[in-house]
Amino acid sequence: MSGVSVDLPLFVAVMGAAAVASSYLVVRSRDLVYASVSLAVLGSLTAAVLALLGLGIVAAYLVLVYVGAAVMFIIITISMLGPSHAEQQDVMKGLISATSVAAFVIIAMAVLRLYNLYAVPAPISVQVAASEALKRYLPVLALIFIGQAATVVEAIAIARRGGA
């Protein structure tokens, strides 16, 4: 290899695959709450990929609009439908899903380590990471914080109005 790090393209590819899996769950889910959570995960993964590609402001707006809308969709769905819909739990289905995800991660890590595509990142202190994040992304973080705070206030207002 000519000194080019494969960490970023590999990480973007893994995040893209997770986004495709999340979009499949959005379409296949029969429960609105699970579909909304999958939609929020999809928006977060897409924003993370955009942020890794250097589009931090676009990623922040995506989190605010897309993920915030998904969270509001959850709140509105629950407040309108109420908790009357009892959900049947299938323990075996969850166990099979968790086992297959764990097996995939273990196999992927073994294959990546075998071909030297995975390297353990150097340790970094929390203070250094926070300092760098605040230095580089303070406007983006402030925008995300203000937008999410407004979404939480709106969700509380809707929940109180729905319960009254």
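Student: Ser22 lies in helix H1 (residues 7–28). What makes a run of residues a helix?

Tutor: Helices are DSSP runs (H or I, at least four residues), numbered from the N terminus; strands are E runs of at least two. By that count the protein chain has five helices and zero strands. Its pattern along the sequence is α-α-α-α-α. This is a predicted model: local features need pLDDT of at least 70, side-chain atom pairs count only at pLDDT 80 or more, and totals for chains, interfaces and linings use all residues. Residues are numbered from 1 along each chain as its sequence is written, and side-chain values use heavy atoms, with hydrogens and water left out.

Student: Why is Ser22 called buried?

Tutor: Its relative accessibility is 5%. Buried means under 20% relative accessible area, exposed over 50%, partly exposed in between (1.4 Å probe, protein chains only). Ser22 is under the first cut-off, so it counts as buried. Across the 164 residues of the protein chain, 18% fall in that class.

Student: What does the side chain of Ser22 reach, and how do you know that it is a polar contact?

Tutor: It reaches the backbone nitrogen of Leu42 at 3.3 Å. A polar contact is a pair of N or O atoms within 3.5 Å; within protein, one must be able to donate a hydrogen and the other to accept it, and residues adjacent in sequence count only if both atoms are side-chain atoms. The separation of 3.3 Å therefore meets the distance limit.

Student: Which residues does Ser22 touch, not counting those up to four places away in sequence?

Tutor: Ser38, Val41 and Leu42. Touching here is contact, meaning heavy atoms within 4.5 Å. Ser38 in turn touches Ser22, Leu25 and Val26, with the same sequence neighbours left out. Contacts at a separation of 6 or more can be sorted by distance along the chain: 67% join residues 24 or more positions apart.

Student: What makes Ser38 buried?

Tutor: Its relative accessibility is 10%, so Ser38 counts as buried. Ser38 is found in helix H2. The buried residues of H2 also include Ala35, Leu42, Leu45 and Val49.

Student: How do you know that H2 has close to its expected span?

Tutor: H2 covers residues 32–52, 21 in number, and reaches 30 Å from its first C-alpha to its last. The expected span is 1.5 Å times one less than the number of residues. For H2 that expectation is 30 Å, close to what the model gives. Just after H2, Gly54 takes a positive phi of about 95 degrees.

Student: Why is Phe73 called partly exposed?

Tutor: Phe73 has 37% relative accessibility, so it counts as partly exposed. Its place is in helix H3 (residues 56–81). Phe73 touches Leu32 and Ser36, residues up to four places away being left out. The C-alpha atoms of Phe73 and Ser36 are 6.7 Å apart, across 37 residues of chain.

Student: What makes Lys135 and Glu132 a salt bridge?

Tutor: The closest N and O atoms are 3.3 Å apart. A salt bridge is a side-chain nitrogen of Lys or Arg within 4 Å of a carboxyl oxygen of Asp or Glu, so the pair qualifies. Side chains of opposite charge can pair when their charged atoms come close. Both residues lie in helix H5 (residues 126–163), three residues apart, about one turn of the helix.

Student: How many salt bridges does the structure hold?

Tutor: Two. Glu132 also pairs with Arg136, at 3.5 Å from N to O. These two are four residues apart in H5, again about one turn. Glu132, Lys135 and Arg136 thus form a linked network.

Student: Which members of that network are exposed or partly exposed?

Tutor: Lys135, at 61%, counts as exposed. Arg136, at 59%, is exposed too. Glu132, at 31%, is partly exposed.

Student: What makes Met109 part of a nonpolar surface patch?

Tutor: Patches are made of residues with over 30% relative accessible area and no salt bridge: like charges are joined within 9 Å, nonpolar side chains (Val, Leu, Ile, Met, Phe, Trp, Tyr) within 5 Å. Met109 is partly exposed at 32%, so it passes the area cut-off. With Val101, Phe104 and Val105 it makes a patch of about 380 Å². Met109 sits in helix H4 (residues 91–114). Areas come from the Shrake-Rupley method with a 1.4 Å probe; for residues, only the protein chains shown count as cover. The protein chain exposes about 12000 Å², with 73% supplied by carbon and sulfur atoms.
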